[in-house]
Amino acid sequence: MSFEPEDVEAARKLFAGPIAFLKSAPTIEFLPDAVVPEVAFAGRSNVGKSSLLNALTGRNSLARTSNTPGRTQELNFFDVGNPLAFRLVDMPGYGFAKAPKDMVKKWRFMVNDFLRGRDVLKRALVLIDARHGIKDVDRDILEMLDKAAVSYRMVITKADKIKASELAEVTQATADEARKRPAAHPEILVTSSETGLGIPELRAAVIEAVTS
């Protein structure tokens, strides 16, 4: 999808301004007041969510990157803009094999409650690893988003890690999946936090979500 150059530039400027970590919410009771639009990032553990958030915001360490998948077990909120324009929400990674069952259950309850009860949540961005494509654990979160009637868009990460022909296949398969789902945005964003591919468009997509 192509955004107008002025939209891309406006998004770049906004993300170049003040961005600050606000708080972590281990449970729904700790959520910040719902005062501005929010965009949430969801993804399987090790999908490159923290790296993408850092690339998106042009900061090296806004979101913690870790070699231990599944480290983010809370909802992390980031304030964007001064005055405050909107918030980014880093959701806990899902699909980590070594997590105890009760932790997975707690994750499902918290995420479900958040998705269903957060009126200011304008869109979720569901990250899909280019090397693996959509897995069943990804379909679980897509199902949750469909049921909660939360608009979402799929974003392919780590596009630099595979051949162009493979990337085209993964992108097509992801678009085919999106077309089957009621709450999914039909167009897929393809990104690489290492090369910067798709990052300007991702910024513009975030701004579009919070302003439309």
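Lys180 is exposed, with a relative accessibility of 63%. In this predicted model, Lys180 sits in the loop that links H5 and S7. Its C-alpha lies 30 Å from that of Phe86, and the two residues are 94 apart in sequence. Glu9 offers an intermediate case. Glu9 belongs to helix H1, which covers residues 5-16. Its relative accessibility is 32%, so Glu9 counts as partly exposed, between the limits of 20% and 50%. Between Glu9 and Ala175 there are 27 Å from C-alpha to C-alpha and 166 residues along the chain.

Thr191 stands at the other end of the scale. Its relative accessible area is 0%, and Thr191 is therefore buried, a term that applies under 20%. Thr191 is placed in the loop between S7 and H6. Residues up to four places away in sequence set aside, Thr191 touches Leu52, Val155, Ile156, Thr157, Lys158, Ala159, Leu197, Gly198, Ile199 and Leu202.

The strands form an open sheet. Seven strands take part, in the order S1-S3-S4-S2-S5-S6-S7, and the pairing is mixed. The edges are held by S1 (19-25) and S7 (189-190). Each edge strand has a single partner, so one side of each lacks a neighbour in the sheet. In general, strands of a sheet pair through backbone hydrogen bonds, in parallel or antiparallel fashion. Both senses are described below.

The antiparallel part involves S1, S3 and S4. S1 and S3 run antiparallel and are joined by six bridges. Ser24 has Asn76 of S3 as its bridge partner. Phe21 faces Phe78 of S3. S3 also pairs with S4 (residues 86-90), again in the antiparallel sense, over five bridges. Here Phe78 stands opposite Leu88 of S4. S3 and S4 make a hairpin, with five residues between the two strands. Gly81, in the turn, has a positive phi of about 95°.

S3 is mostly covered, and six of its six residues are buried. In a regular strand, side chains alternate between the two faces of the sheet. Leu75, Phe77 and Asp79 point one way from S3. Asn76, Phe78 and Val80 point the other way. Burial holds for all of these residues, on both sides.

The parallel part centres on S5. S2 and S5 pair in the parallel sense through six bridges. Ala40 faces Ala124 of S5. S5 and S6 are likewise parallel, with six bridges. Leu127 is placed opposite Val155 of S6. Eight of the nine residues of S5 are buried, so the rest of the structure largely encloses this strand. Together, S5, H4 and S6 build a right-handed β-α-β unit. Another helix, H5, lies across S6 and S7 and runs at about 165° to S6.

Nonpolar side chains tend to be buried together in soluble globular proteins. The largest nonpolar core of this model has 38 residues. Leu75, Met91, Phe114, Leu115, Val126 and Ile141 touch the most other members. At least two core residues come from each of several elements. The strands among them are S2 (38-43), S3 (75-80), S5 (121-129) and S6 (152-157). The helices are H3 (101-117), H4 (136-148) and H5 (164-179). A second core, separate from this one, has 29 residues, including Val47, Leu62, Val155 and Leu202.

Leu75 illustrates the packing around one core member. Neighbours within four places in sequence are left aside here. The contacts of Leu75 are then Lys23, Ser24, Ala25, Leu31, Val89, Asp90, Met91, Pro92, Met110 and Phe114. Of these, Met91 and Phe114 also appear among the core members that touch the most others.

Helix H6 spans residues 199-211 and has 13 residues. From its first C-alpha to its last, H6 reaches 19 Å, close to the 18 Å expected at 1.5 Å a residue. The buried residues of H6 include Ile199, Leu202, Arg203, Ala204 and Ala205. Val206, Ile207, Ala209 and Val210 of H6 are buried as well. Two of the H6 residues named here, Ile199 and Leu202, are in contact with Thr191. Leu202 is also a member of the second core.

How values were computed
Residues are numbered from 1 along each chain as its sequence is written. This is a predicted model: local features need pLDDT of at least 70, side-chain atom pairs count only at pLDDT 80 or more; totals for chains, interfaces and linings use all residues. Side-chain values use heavy atoms; hydrogens and water are left out. A nonpolar core is a set of buried Ala, Val, Leu, Ile, Met, Phe, Trp, Tyr and Cys residues joined through side-chain atoms within 4.5 Å. Buried means under 20% relative accessible area, exposed over 50%, partly exposed in between (1.4 Å probe, protein chains only). Helices (H or I, at least four residues) and strands (E, at least two) are DSSP runs, numbered from the N terminus. Contact means heavy atoms within 4.5 Å. Two strands pair if DSSP finds at least two bridges between them. A crossover is right-handed if, with the strands pointing away from the viewer, the path from the first strand over the helix to the second runs clockwise. The expected span of a helix is 1.5 Å times one less than its number of residues. Axes are lines fitted to C-alpha atoms, for helices over the stretch in contact, and angles run from 0 to 180 degrees between N-to-C directions.
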